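User: I am new to this structure and would like to learn how to read its main features. Could you guide me through them in order?

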Amino acid sequence: MGKPAGGSPTARDPAQRILDELTATVDYFRIQTSRDSGGERTWFSCEELLADPAALVSLVRSTAPGRGTDDDAVAMSLFVQGYAYRIASTAIGSFVISGDVVSVDPAQTSVAIGRHRPNAVHLGEAALVAARGDLAVLHRVLVDGHLAALVDAAHTAVRIGRPLLWANVGSSCAASFGAFVDPLAHDAQRIRAMVEGFFVAARDELAQSGRVARIGHGAGWAWERGACCLWYRTTTSGGAKCGDCSLWTDAERSARYAEAAEQH
């Protein structure tokens, strides 16, 4: 661990052009490739983390104090959510932008830690998988090719339930689509149709991880997760719940959706 894999994509490469457009559209996405120096970040190979439960637990425990917990299950849950979001935002973001998918093969992908969570991705090779808008290809590359292994590794490393971990994956995928709603407001209907189609086409564990709830009569939507990520159990949360938390009551959700509909 420490150095990402090599490769030499150029600015002319289709995958690199898509990544450039992606990070220009959502400027808080941190995606680097082998054309970048890597800066001062320490990179952790996704392939090694997914294959070595001890290495995964060690990295997760290093983030736990900053997240306000000494509970391995809570720390792992929050780590998986951050990791899944960074990987999903790369694959889903490229799909939203182009209809094709930038590969997130664990063998060519690394993550870095910032603010006590995974917050950046490095691709040793910026490779493009032709999808032409086919969600089945996105699922094959992102879920079957990477995030399912993340769930397996986390479940093996720490005593934590698979439904909770899949709920984290579902929430992260929904949030990756949601990141484009404001910068691509003119495309809101297409994005909602895409996120709905994504979960309809998903494998059972992901399809059951939550649901897309439509808001109002326009293109508004929200994600409702099926299991809590446990963030409310950290000292940093102050006992607050996430916006998509499964612990909200139906009445509380309805009130929040009505307020959101009025604002749009």
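Analyst: Let us begin with the chain as a whole. This is a predicted model, and of the 264 residues of its chain, 53% count as buried. The accessible surface of the chain comes to about 11800 Å², and carbon and sulfur atoms account for 48% of that surface.

User: Which helices and strands should I expect, in number, and what are the dimensions of the box that the chain fills?

Analyst: The chain contains nine helices and eight strands. Its radius of gyration is 18 Å, close to the 18 Å that the globule rule gives for 264 residues, so the chain is as compact as a globular protein of that length. Along the principal axes, the C-alpha atoms fill a box of roughly 50 × 45 × 30 Å. Among contacts between residues at least 6 apart in sequence, 68% join residues at least 24 apart.

User: How should I read a sheet, and what is the strand order in the open sheet of four strands?

Analyst: The general idea is that strands of a sheet pair through backbone hydrogen bonds, either parallel or antiparallel. Here, the open sheet of four strands runs in the order β1-β5-β4-β2, and its pairing is mixed. The edge positions are held by β1 (31-33) and β2 (43-45); each has a single partner strand, so one side of each is left without a neighbour in the sheet. On average, neighbouring strands of this sheet are turned by 35 degrees against each other, direction ignored.

User: In which sense do β4 and β5 pair, and which helix packs on the sheet?

Analyst: Strand β4 (residues 109-114) pairs with strand β5 (residues 117-123) in the antiparallel sense, over six bridges. Within this pair, V111 stands opposite V121 in β5. The helix that packs on the sheet is α1 (residues 14-25), which touches β1 and β5. The direction of α1 makes about 155 degrees with that of β1.

User: What joins β7 and β8?

Analyst: These strands form a hairpin with four residues between them. In the turn, G216 has a positive phi of about 70 degrees. The pairing of β7 (residues 210-215) with β8 (residues 220-225) is antiparallel and extends over six bridges. To follow the register, one may take R214, whose bridge partner in β8 is W221, and V212, which stands opposite W223 in β8.

User: Is β8 largely enclosed by the rest of the structure or left open?

Analyst: Five of the six residues of β8 are buried, so the strand is largely enclosed by the rest of the structure. Two residues of the β8 range also appear in the surroundings of S171: this serine touches W223 and R225, together with Q81 and D244, when residues up to four places away in sequence are not counted. S171 itself lies in helix α6 (residues 162-178). Because the cut-off for buried is under 20% relative accessible area, S171 counts as buried at 8%.

User: How should I understand a nonpolar core, and which residues have the most contacts inside the largest one?

Analyst: In soluble globular proteins, nonpolar side chains tend to be buried together. In this model, the largest nonpolar core has 80 residues, and those with the most contacts inside it are L138, L142, F177, F180 and F198. Helix α4 (residues 72-98) supplies the largest share of this core, 17 residues. Leaving aside residues up to four places away in sequence, L138 touches A91, I92, F95, V101, V143, F177 and F198.

User: Is H139 buried or exposed, and what does it touch?

Analyst: H139 is buried, with a relative accessible area of 7%. It lies in helix α5 (residues 135-157). With residues up to four places away in sequence left out, H139 touches D144, F198, A201, A202 and L206.

User: Which residues can serve as examples of the exposed class?

Analyst: Q208 and D204 are two examples. Exposed means over 50% relative accessible area; Q208 is exposed at 62%, and D204 is exposed at 53%. Q208 is placed in the loop between α8 (204-207) and β7, whereas D204 lies in helix α8. As for separations, D204 and T236 are 32 residues apart in sequence and 33 Å apart in space, C-alpha to C-alpha. Q208 and A157 are 51 residues apart in sequence and 23 Å apart in space, again C-alpha to C-alpha.

Notes:
Residues numbered from 1 in each chain as written. Heavy atoms only, no water. Pairing = 2+ DSSP bridges. Helix = DSSP H or I, 4+ residues; strand = E, 2+ residues; numbered from the N terminus. Axes fitted to C-alpha atoms, helices over the stretch in contact; angles between N-to-C directions. Contact = heavy atoms within 4.5 Å. Core = buried A, V, L, I, M, F, W, Y, C linked by side-chain atoms within 4.5 Å. Buried < 20%, exposed > 50% of the residue type's maximum accessible area, 1.4 Å probe, protein only. Rg over C-alpha atoms; globule rule 2.2 N^0.38 Å. Areas by Shrake-Rupley, 256 points an atom, 1.4 Å probe, with all protein chains shown as cover.
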